[in-house]
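Here are my notes on the model, point by point. Have the structure open while you read.

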Amino acid sequence: MSLVTASNLTKTYRIGDIDVPAIKGIDFVIEASSFVAFVGPSGSGKSTLLNMVGCLDHPSSGTLKVLDTDIATLDRRAAARFRGEHIGFVFQDFNLIPVLTVFENVEYPLRIVQKWPAEKRRAQVLRLLDAVGMADQADKRPDQISGGQKQRVAVARALVSQPKLVLADEPTANLDHDTAYRVLELMKKMRDEFRTTFVFSTHDSKIMGEAETTFVLEDGRLQNGGSHA
Ligand code: ADP
Ligand code: MG
(Lines give C-alpha, C1' and ligand atoms only; values in the text may rest on other atoms or scores of the structure.)
(Ligands and ions follow the chains in the order given, each with its own letter.)
Protein backbone atom coordinates (compact mmCIF):
# COMPACT_ATOMS: atom_id res chain seq x y z
CA MET A 1 0.00 0.00 0.00
CA SER A 2 1.37 3.43 -0.86
CA LEU A 3 1.30 6.00 1.92
CA VAL A 4 2.62 9.05 0.08
CA THR A 5 2.30 9.76 -3.65
CA ALA A 6 3.77 12.79 -5.41
CA SER A 7 2.97 13.60 -9.04
CA ASN A 8 4.73 16.37 -10.91
CA LEU A 9 5.13 18.13 -7.58
CA THR A 10 6.62 21.64 -7.52
CA LYS A 11 7.29 24.30 -4.92
CA THR A 12 8.37 27.82 -5.79
CA TYR A 13 9.04 30.38 -3.06
CA ARG A 14 8.39 34.00 -3.83
CA ILE A 15 10.73 36.54 -2.28
CA GLY A 16 9.54 40.03 -3.22
CA ASP A 17 9.36 39.93 -7.01
CA ILE A 18 11.67 36.97 -7.39
CA ASP A 19 10.59 33.34 -7.82
CA VAL A 20 12.85 30.78 -6.18
CA PRO A 21 12.03 27.32 -7.55
CA ALA A 22 12.92 24.80 -4.83
CA ILE A 23 11.14 21.64 -6.08
CA LYS A 24 10.93 21.40 -9.85
CA GLY A 25 8.47 18.66 -10.76
CA ILE A 26 9.10 15.37 -9.03
CA ASP A 27 7.30 12.03 -8.77
CA PHE A 28 7.69 9.41 -6.11
CA VAL A 29 5.80 6.83 -4.09
CA ILE A 30 6.46 5.90 -0.47
CA GLU A 31 5.13 2.52 0.60
CA ALA A 32 3.56 1.92 3.99
CA SER A 33 6.00 0.61 6.65
CA SER A 34 9.03 1.50 4.55
CA PHE A 35 12.29 3.17 5.62
CA VAL A 36 13.08 5.91 3.16
CA ALA A 37 15.82 8.53 2.75
CA PHE A 38 15.89 11.74 0.73
CA VAL A 39 19.55 12.48 0.18
CA GLY A 40 21.08 15.60 -1.31
CA PRO A 41 23.38 18.53 -0.66
CA SER A 42 22.35 21.64 1.24
CA GLY A 43 19.84 23.63 -0.83
CA SER A 44 18.70 20.65 -2.90
CA GLY A 45 15.14 20.89 -1.54
CA LYS A 46 15.01 18.26 1.22
CA SER A 47 13.35 20.46 3.84
CA THR A 48 10.96 21.96 1.30
CA LEU A 49 9.85 18.48 0.32
CA LEU A 50 9.52 17.11 3.85
CA ASN A 51 7.59 20.22 4.91
CA MET A 52 5.04 19.52 2.19
CA VAL A 53 4.77 15.83 3.09
CA GLY A 54 4.28 16.96 6.70
CA CYS A 55 1.46 19.30 5.66
CA LEU A 56 3.43 22.30 6.91
CA ASP A 57 3.42 23.93 3.47
CA HIS A 58 1.36 23.65 0.27
CA PRO A 59 2.71 22.59 -3.12
CA SER A 60 2.83 25.24 -5.86
CA SER A 61 1.58 22.71 -8.43
CA GLY A 62 1.19 18.99 -8.97
CA THR A 63 -0.36 16.72 -6.40
CA LEU A 64 0.81 15.29 -3.10
CA LYS A 65 -1.31 12.67 -1.44
CA VAL A 66 -0.61 11.56 2.11
CA LEU A 67 -2.81 8.70 3.34
CA ASP A 68 -5.13 9.32 0.40
CA THR A 69 -5.62 12.95 1.38
CA ASP A 70 -4.67 15.59 -1.19
CA ILE A 71 -2.80 17.91 1.14
CA ALA A 72 -3.53 20.97 -1.03
CA THR A 73 -7.15 20.70 0.09
CA LEU A 74 -6.27 21.13 3.79
CA ASP A 75 -6.54 24.59 5.30
CA ARG A 76 -4.34 25.51 8.25
CA ARG A 77 -6.66 24.02 10.87
CA ALA A 78 -7.34 20.83 8.95
CA ALA A 79 -3.61 20.43 8.30
CA ALA A 80 -2.86 20.78 12.02
CA ARG A 81 -5.48 18.16 12.85
CA PHE A 82 -4.18 15.85 10.12
CA ARG A 83 -0.62 16.17 11.46
CA GLY A 84 -1.74 15.53 15.02
CA GLU A 85 -3.52 12.36 13.98
CA HIS A 86 -1.13 10.86 11.48
CA ILE A 87 2.37 12.35 11.49
CA GLY A 88 5.24 12.44 13.98
CA PHE A 89 8.29 14.70 13.60
CA VAL A 90 11.94 14.35 14.57
CA PHE A 91 14.14 17.44 14.22
CA GLN A 92 17.81 18.11 13.59
CA ASP A 93 18.24 19.98 16.88
CA PHE A 94 16.03 17.56 18.88
CA ASN A 95 13.55 20.28 20.00
CA LEU A 96 13.04 18.83 23.45
CA ILE A 97 11.48 21.21 25.95
CA PRO A 98 14.30 22.05 28.39
CA VAL A 99 12.17 22.51 31.53
CA LEU A 100 10.39 19.17 31.11
CA THR A 101 11.83 15.78 32.05
CA VAL A 102 12.42 13.03 29.49
CA PHE A 103 9.13 11.44 30.55
CA GLU A 104 7.21 14.73 30.28
CA ASN A 105 8.70 15.49 26.85
CA VAL A 106 7.46 12.18 25.48
CA GLU A 107 4.09 12.63 27.20
CA TYR A 108 3.61 16.13 25.81
CA PRO A 109 1.88 15.24 22.49
CA LEU A 110 -0.63 13.09 24.39
CA ARG A 111 -1.45 15.94 26.78
CA ILE A 112 -2.17 18.30 23.89
CA VAL A 113 -4.74 16.08 22.22
CA GLN A 114 -6.19 15.17 25.63
CA LYS A 115 -7.90 12.05 24.38
CA TRP A 116 -5.83 9.70 26.53
CA PRO A 117 -6.71 9.15 30.20
CA ALA A 118 -3.76 9.62 32.59
CA GLU A 119 -3.06 5.95 33.29
CA LYS A 120 -3.12 4.93 29.64
CA ARG A 121 -0.91 7.92 28.83
CA ARG A 122 1.64 6.91 31.43
CA ALA A 123 1.73 3.30 30.20
CA GLN A 124 2.20 4.44 26.60
CA VAL A 125 5.04 6.83 27.51
CA LEU A 126 6.81 4.10 29.49
CA ARG A 127 6.35 1.64 26.64
CA LEU A 128 8.00 4.06 24.21
CA LEU A 129 10.82 5.01 26.59
CA ASP A 130 11.51 1.33 27.07
CA ALA A 131 11.47 0.71 23.31
CA VAL A 132 14.11 3.40 22.70
CA GLY A 133 16.22 2.31 25.68
CA MET A 134 15.61 5.46 27.74
CA ALA A 135 13.32 4.17 30.52
CA ASP A 136 16.08 4.52 33.13
CA GLN A 137 16.56 8.21 32.18
CA ALA A 138 12.88 9.18 32.48
CA ASP A 139 13.46 11.75 35.25
CA LYS A 140 16.44 13.48 33.63
CA ARG A 141 16.17 16.84 31.89
CA PRO A 142 17.42 17.29 28.33
CA ASP A 143 20.63 19.07 29.43
CA GLN A 144 21.56 16.00 31.51
CA ILE A 145 21.65 13.56 28.57
CA SER A 146 23.79 13.24 25.42
CA GLY A 147 22.82 14.24 21.87
CA GLY A 148 22.24 10.63 20.87
CA GLN A 149 20.02 10.13 23.92
CA LYS A 150 18.08 13.31 23.11
CA GLN A 151 17.36 11.99 19.65
CA ARG A 152 16.18 8.68 21.14
CA VAL A 153 13.76 10.64 23.31
CA ALA A 154 12.65 12.62 20.24
CA VAL A 155 11.97 9.34 18.39
CA ALA A 156 9.86 8.16 21.34
CA ARG A 157 7.96 11.46 21.33
CA ALA A 158 7.35 11.20 17.57
CA LEU A 159 5.88 7.71 18.01
CA VAL A 160 3.88 8.20 21.20
CA SER A 161 0.57 9.06 19.54
CA GLN A 162 0.95 6.14 17.12
CA PRO A 163 1.26 8.04 13.84
CA LYS A 164 1.31 6.24 10.48
CA LEU A 165 4.27 8.32 9.34
CA VAL A 166 7.36 9.79 11.04
CA LEU A 167 9.29 12.54 9.24
CA ALA A 168 12.84 13.33 10.28
CA ASP A 169 14.58 16.25 8.56
CA GLU A 170 18.34 15.69 8.97
CA PRO A 171 17.88 13.90 12.31
CA THR A 172 21.57 12.98 12.47
CA ALA A 173 23.16 16.27 11.38
CA ASN A 174 24.16 17.18 14.95
CA LEU A 175 25.46 13.72 15.84
CA ASP A 176 28.83 12.07 15.28
CA HIS A 177 28.92 9.25 12.76
CA ASP A 178 28.63 6.31 15.17
CA THR A 179 25.77 7.96 17.06
CA ALA A 180 24.05 8.89 13.79
CA TYR A 181 24.27 5.30 12.66
CA ARG A 182 22.81 4.05 15.95
CA VAL A 183 19.90 6.52 15.83
CA LEU A 184 19.01 5.30 12.33
CA GLU A 185 19.26 1.68 13.52
CA LEU A 186 16.88 2.60 16.33
CA MET A 187 14.42 4.14 13.87
CA LYS A 188 14.55 1.00 11.77
CA LYS A 189 13.89 -1.13 14.84
CA MET A 190 10.92 1.10 15.71
CA ARG A 191 9.63 0.69 12.16
CA ASP A 192 9.82 -3.09 12.57
CA GLU A 193 8.10 -2.97 15.97
CA PHE A 194 5.36 -0.42 15.26
CA ARG A 195 5.06 -0.74 11.44
CA THR A 196 5.40 3.04 11.21
CA THR A 197 6.73 4.49 7.96
CA PHE A 198 9.95 6.47 8.49
CA VAL A 199 11.14 9.13 6.06
CA PHE A 200 14.40 10.92 6.84
CA SER A 201 16.63 13.33 4.98
CA THR A 202 20.39 13.67 5.07
CA HIS A 203 23.21 15.40 3.22
CA ASP A 204 25.56 12.66 4.42
CA SER A 205 25.97 10.00 1.74
CA LYS A 206 27.78 7.77 4.28
CA ILE A 207 24.57 7.06 6.19
CA MET A 208 22.13 6.89 3.28
CA GLY A 209 22.90 3.16 2.98
CA GLU A 210 20.85 2.70 6.15
CA ALA A 211 17.68 3.38 4.17
CA GLU A 212 15.87 0.70 2.18
CA THR A 213 14.72 3.18 -0.42
CA THR A 214 16.81 6.19 -1.38
CA PHE A 215 15.71 9.21 -3.36
CA VAL A 216 18.56 11.45 -4.48
CA LEU A 217 17.64 15.14 -4.73
CA GLU A 218 19.73 17.56 -6.71
CA ASP A 219 18.70 21.15 -7.30
CA GLY A 220 15.00 20.39 -6.80
CA ARG A 221 14.91 17.31 -9.02
CA LEU A 222 15.07 13.59 -8.31
CA GLN A 223 18.04 11.84 -9.85
CA ASN A 224 16.34 8.47 -9.85
CA GLY A 225 12.89 7.11 -9.36
CA GLY A 226 13.99 5.85 -5.94
CA SER A 227 16.51 3.06 -5.79
CA HIS A 228 15.77 0.11 -3.55
CA ALA A 229 18.51 -1.45 -1.46
P1 ADP B 1 17.74 21.59 1.90
O2 ADP B 1 16.84 21.26 3.02
O3 ADP B 1 18.06 20.43 1.01
O4 ADP B 1 18.98 22.29 2.34
P5 ADP B 1 15.75 23.61 1.24
O6 ADP B 1 14.47 22.91 0.98
O7 ADP B 1 15.92 24.25 2.57
O8 ADP B 1 16.96 22.62 0.92
O9 ADP B 1 15.97 24.75 0.15
C10 ADP B 1 15.79 24.53 -1.24
C11 ADP B 1 15.87 25.86 -1.95
O12 ADP B 1 14.78 26.68 -1.58
C13 ADP B 1 17.13 26.67 -1.63
O14 ADP B 1 17.50 27.37 -2.79
C15 ADP B 1 16.65 27.61 -0.55
O16 ADP B 1 17.42 28.80 -0.56
C17 ADP B 1 15.21 27.88 -0.98
N18 ADP B 1 14.33 28.15 0.17
C19 ADP B 1 14.07 27.29 1.19
N20 ADP B 1 13.17 27.84 2.05
C21 ADP B 1 12.86 29.07 1.55
C22 ADP B 1 11.98 30.12 1.97
N23 ADP B 1 11.23 30.01 3.07
N24 ADP B 1 11.91 31.23 1.20
C25 ADP B 1 12.65 31.33 0.08
N26 ADP B 1 13.49 30.38 -0.38
C27 ADP B 1 13.60 29.26 0.34
MG1 MG C 1 17.13 21.35 5.06
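**Notes on the fold**

1. An open sheet of four strands runs in the order 2-1-4-5, with antiparallel pairing. Strand 2 and strand 5 (69–70) are the edge strands, each pairing on one side only. Strands here are DSSP runs of E with at least two residues, helices are runs of H or I with at least four, and both are numbered from the N terminus. Two strands pair if DSSP finds at least two bridges between them.

2. Before going on, some housekeeping. This is a predicted model, where local features need pLDDT of at least 70 and side-chain atom pairs count only at pLDDT 80 or more, while totals for chains, interfaces and linings use all residues. Residues are numbered from 1 along each chain as its sequence is written, chains are lettered from A and ligands numbered from 1 in the order in which they are written, and side-chain values use heavy atoms, with hydrogens and water left out.

3. Back to the sheet, starting with its hairpin. Strand 1 (2–15) and strand 2 (18–31) pair in the antiparallel sense over 11 bridges. If you want a register marker, Y13 stands opposite V20 in strand 2. The hairpin has two residues between the strands, and G16 takes a positive phi near 60° there.

4. G16 itself sits in the loop between strand 1 and strand 2. Is G16 buried or exposed? With a relative accessible area of 60%, G16 is exposed; the cut-offs are under 20% for buried, over 50% for exposed and partly exposed in between, using a 1.4 Å probe and protein chains only. For a sense of scale, G16 and F200 are 184 residues apart along the chain, and their C-alpha atoms are separated by 31 Å.

5. Strand 1 also pairs with strand 4 (residues 61–66), in the antiparallel sense over five bridges. You can check the register at two places: T10 has S61 as its bridge partner in strand 4, and A6 has L64.

6. Now for strand 6 (residues 87–90), which is joined to strand 7 (residues 165–169) by four bridges. These two strands run parallel. V90 has A168 as its bridge partner in strand 7. Strand 6 is covered on both faces: I87 and F89 on one side are buried, and so are G88 and V90 on the other.

7. G88 deserves its own look. It lies in strand 6, and at 5% relative accessibility G88 counts as buried. Which residues does G88 touch, leaving out those up to four places away in sequence? They are A158, P163, L165, V166 and L167, with contact meaning heavy atoms within 4.5 Å. From G88 to I207 the C-alpha to C-alpha distance is 22 Å, with their positions 119 residues apart in sequence.

8. On to the helices. Helix 3 (residues 102–113) and helix 5 (residues 147–159) pack at an angle of about 30°, with their axes 7 Å apart. Axes are lines fitted to C-alpha atoms, for helices over the stretch in contact, and angles run from 0 to 180 degrees between N-to-C directions. Helix 3 and helix 5 are therefore roughly parallel to each other; that label covers angles under 35 degrees, with over 145 roughly antiparallel, 65 to 115 roughly perpendicular and the rest oblique.

9. What makes the contact between helix 3 and helix 5? V102, N105, V106 and P109 come from helix 3, and V153, A156 and R157 from helix 5. By class, that contact has five nonpolar, one polar and one charged residues. The classes are Ala, Val, Leu, Ile, Met, Phe, Trp, Tyr, Cys and Pro as nonpolar, Asp, Glu, Lys and Arg as charged, and the others, Gly among them, as polar.

10. Compare helix 4 (residues 118–131) and helix 6 (residues 177–194), whose axes come within 11 Å and cross at roughly 130°. That makes helix 4 oblique to helix 6. Helix 4 contributes R127, L128 and A131 to the contact, and helix 6 contributes L186, K189, M190, E193 and F194. The class count is five nonpolar, no polar and three charged residues.

11. Finally, two backbone spots to inspect. C55 is a residue other than glycine with a positive phi, near 60°. C55 lies in the loop between helix 1 (46–53) and strand 4, and at 7% relative accessibility C55 counts as buried. D219, also not a glycine, has a positive phi near 50°, and D219 lies in the loop between strand 9 (213–218) and strand 10 (221–222).
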